[in-house]
Amino acid sequence: TTQTRTWQDEVRALAAERDAVILAHNYQEPAIQDVADHVGDSLALSRLAATTDASTIVFCGVHFMAETAKLLSPDKTVLIPTARAGCSLADTIDVEQLRAWKREHPGAAVVAYVNTSAAVKAESDVCCTSSNAVDVVNSIPADRPILFLPDQFLGDHVRRQTGRDNIEVWLGECHVHAAISPTDLIDTVRAHPDAELFIHPECGCASSAIWLAGQGELPEERVKILSTGGMLDAARRTSASTTLVATEIGMLHQLGKANTRTSFLPVNPKASCRYMKMITPELLVRCLREGRDEVSIPQDVAAAARRAVQRMITLGS
Ligand code: 13P
Ligand code: SF4
């Protein structure tokens, strides 16, 4: 519509004036994804933040993602349309809890999902995202115990993939992915017996899919446990006519664009992240006009948190 075009033009003009690059996570609302310079998963966006030439990064995603961008590009201005866009998973562990956990397991390596505060990252050895968690854990000597935090289901996935039994997992979960229930998954799979299945590793229902495969109800090769970026790669390659998607529903926008021959159906159409959706078209304009909210990281945690994120970035390159 003309109205959308006007809004898009305004955003692009304001971004050019500020020398800003706009990064958007795959869970952002479609209008925000479509106006951004780059759309991606948390790892891809971190890499872009680390290498961009723009002097300002506008991060359309949740706060820990913008914080990670700031850690990787400390000399750039990093803006988020509202600093209130938190993450229920990141909130499941604070730095005091992590210190106490480490005291119980001296010598263990701490692997922190990027869905954590900078203060928690600063107490960790290395970060990971859902797309490189298995590689990060595999980079740690097999006999060294690991504390993996904060997502228990990603932790279970890493345990299954690496076959390691020396991984202690923090019992955190994301309210959106936890709400995609085993019943949602089993009912949807039974209603679409020929479909392929993409599941984000934060979903507790991943174990139900594995159970269905074990029962012979679903060929194992049709169950794909993937990060949001991994889902897009798989979407481009798939020849399935229907693909069931267990993750936040913002994902369906890029999936639909990546492959128009496949129907992508949500396993739970109500799985929407209220924090991701706090980034609205109006707030993006305010952000670009007024330069808010600016992300800053307390000096005392920045250096140590940067080390943990940088270690992750170096690993995959
Ligand atoms: P990805 O790293 O797969 O983009 O996931 C980020 C996230 O917040 C999942 O809820
Ligand atoms: Fe956090 Fe879950 Fe939202 Fe991802 S979907 S940002 S893990 S609350």
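Which residues are around ligand 1? I began my notes with this question, keeping in mind that the model is predicted.

**Ligand 1.** Going along the chain, I listed N26, D41, S42, N115, T129, S130, S131, C174, E202, S227 and T228 around the ligand. When I sorted this shell by class, I counted eight polar residues and two charged ones, with one nonpolar residue beside them.

**Domains.** I then looked up how the chain is divided, and noted that domain 1 is made of two segments, 2-86 and 276-296, while domain 2 covers 90-174 and domain 3 covers 180-266. Setting the ligand list against these bounds, I placed N26, D41 and S42 in domain 1, N115, T129, S130, S131 and C174 in domain 2, and E202, S227 and T228 in domain 3.

**Domain 2 against domain 3.** For this pair I noted a separation of 26 Å between the centres, taken over C-alpha atoms, and a contact in which nine residues of domain 2 meet ten residues of domain 3. On the domain 2 side of that contact I recorded four polar, three nonpolar and two charged residues.

**Helix 3 and helix 4.** Since S42 is listed around the ligand and also belongs to helix 3, I turned to that helix next. Helix 3, residues 42-51, packs against helix 4, residues 63-72, at an angle of about 35 degrees and with the axes 8 Å apart, and I entered the crossing as right-handed. From helix 3 the contact takes in S42, L45, S46, A49 and A50, and from helix 4 it takes in M65, T68, A69 and L72. By class I noted six nonpolar and three polar residues in this contact, and no charged ones.

Conventions
Residues numbered from 1 in each chain as written. Chains lettered and ligands numbered in written order. Predicted model: local features only at pLDDT ≥ 70, side-chain atom pairs only at ≥ 80, totals over all residues. Domains from an automatic or database assignment. Contact = placed C-beta atoms within 7 Å. Nonpolar A, V, L, I, M, F, W, Y, C, P; charged D, E, K, R; others polar. Near = placed C-beta within 6 Å. Axes fitted to C-alpha atoms, helices over the stretch in contact; angles between N-to-C directions. Helix = DSSP H or I, 4+ residues; strand = E, 2+ residues; numbered from the N terminus. Left-handed = near helix turned anticlockwise from the far one by under 90°.
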